[in-house]
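User: Hello! Could you walk me through how the pieces of this structure fit together?

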Amino acid sequence: MSRYHEVPYFIGYTPLIRLRRLSELTECEILGKAEFMNPGGSVKDRAALGIIQAAEARGELKPGATIIEGTAGNTGIGLTVVGQAKGYRTLIVIPDNQSPEKVQLLRALGAEVIVVPEKPYKDPGNYNKVAQRLAEEHGYFWANQFDNTANRQIHYHTTGPEIWDQTDGRVTAFVASVGTGGTLAGTSTYLKEINPRIASVCADPYGAAMWSWFKNHNLETKDGDSFAEGIGQGRVTKNLEGIEVDEAYRIEDQAAFTIIQQLRREEGLFLGLSSGVNLAGAVRYARQKGPGQTIVTILCDSGHKYISKLYNPEWAEEKGLKADLPIDSVL
């Protein structure tokens, strides 16, 4: 077997990193899947690869085709990286509340980018609806990451088995926030098939509705807001349909922000806020269930896309986020 492969081959089988401080704090093993080490820099590389491979298998993508997607950024980056490697053009529709670094990176990678005003899903101007409409008008392939279950399936076939293998079957809980729902649904489905006692846990930022859905079976509780990008869902996507979780937590931005700042200072990890949300959920579950567990979560992407926001002291001060709070004070 050749040791040499093209870029898409290297998506997945990311390292599993022990978070020393959080592990010591909880007397559990808190482990983060280093998805920022994928070629496109995030967990969304997996969804992009799964969606493209499934479309190719169905004959929906031919060389030279255009892939279009509405995305908060990372899926668009993944689609562009995989698409360039396979000979496809990408057109990305992104809402205007995302970090400028994402738009700059997408364009630098070669994607055509359309920035639209942020609007709710039901509005025809919503970025997903714009992408769908353009696909229908021009014959583009719409990736449709939220309702395309190839997203969920690639996590079932890759992320779940990797976690089981990397923990030698000792994993006791998997924690993930919800953007499309593919990561939580696909990974936890696989792990529960192997061992039904493995807990599936949702970490939800304020302003999203998944905590309400899993705890109260409704989508009504959307209190507050969050600065986290790429997560926070207000509807049950097809990737989420039929799954149940064992626990769900509401995570404050300050808790997530404190964690990523601590990891930057003390453990050499440079992460986005969604990773902090996931890790806060892991800590909450560890404290609820007690010592001795092995809890795995997703380190979604790096902090490089958020330098103008999360790692800008002036921005943080303006938003009321404090970088130097002790972890015990926010969790």
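**Helix packing and the sheet**

Analyst: Happily! In this predicted model, one helix contact brings Asp253, Ala255, Ala256, Phe257, Ile259, Ile260 and Leu263 of H9 against Leu273, Gly276, Val277, Leu279, Ala280 and Arg284 of H10.

User: How do the residues of that contact divide into nonpolar, polar and charged?

Analyst: The contact joins H9 and H10, with Phe257 and Leu279 among its members. Its residues divide into ten nonpolar, one polar and two charged.

User: Is H9 roughly parallel or roughly perpendicular to H10?

Analyst: Helix H9 (residues 253-267) and helix H10 (residues 273-289) have axes 8 Å apart and pack at an angle of about 100°. Angles from 65 to 115 degrees count as roughly perpendicular. That makes the arrangement of H9 and H10 roughly perpendicular.

User: Which strands stand at the edges of the sheet?

Analyst: The sheet is open and mixed in its pairing, with six strands in the order S1-S2-S10-S7-S8-S9. An edge strand here has a single partner, so one of its sides is left without a neighbour in the sheet. The two are S1 (16-18) and S9 (247-251).

User: What is the bridge partner of Cys202 in S9?

Analyst: Strand S8 covers residues 199-205 and pairs with S9 in the parallel sense, over five bridges. In S9, the partner of Cys202 is Ala248.

User: What angle does the direction of H6 make with that of S2?

Analyst: From one strand to the next, the sheet has an average twist of 25°. Helix H6 (residues 150-166) packs on this sheet and touches S1, S2 (29-34), S7 (173-176) and S10 (294-299). The direction of H6 makes an angle with that of S2 of about 135°.

Key. Residues numbered from 1 in each chain as written. Predicted model: local features only at pLDDT ≥ 70, side-chain atom pairs only at ≥ 80, totals over all residues. Heavy atoms only, no water. Pairing = 2+ DSSP bridges. Helix = DSSP H or I, 4+ residues; strand = E, 2+ residues; numbered from the N terminus. Axes fitted to C-alpha atoms, helices over the stretch in contact; angles between N-to-C directions. Contact = heavy atoms within 4.5 Å. Parallel < 35°, antiparallel > 145°, perpendicular 65-115°, else oblique. Nonpolar A, V, L, I, M, F, W, Y, C, P; charged D, E, K, R; others polar.
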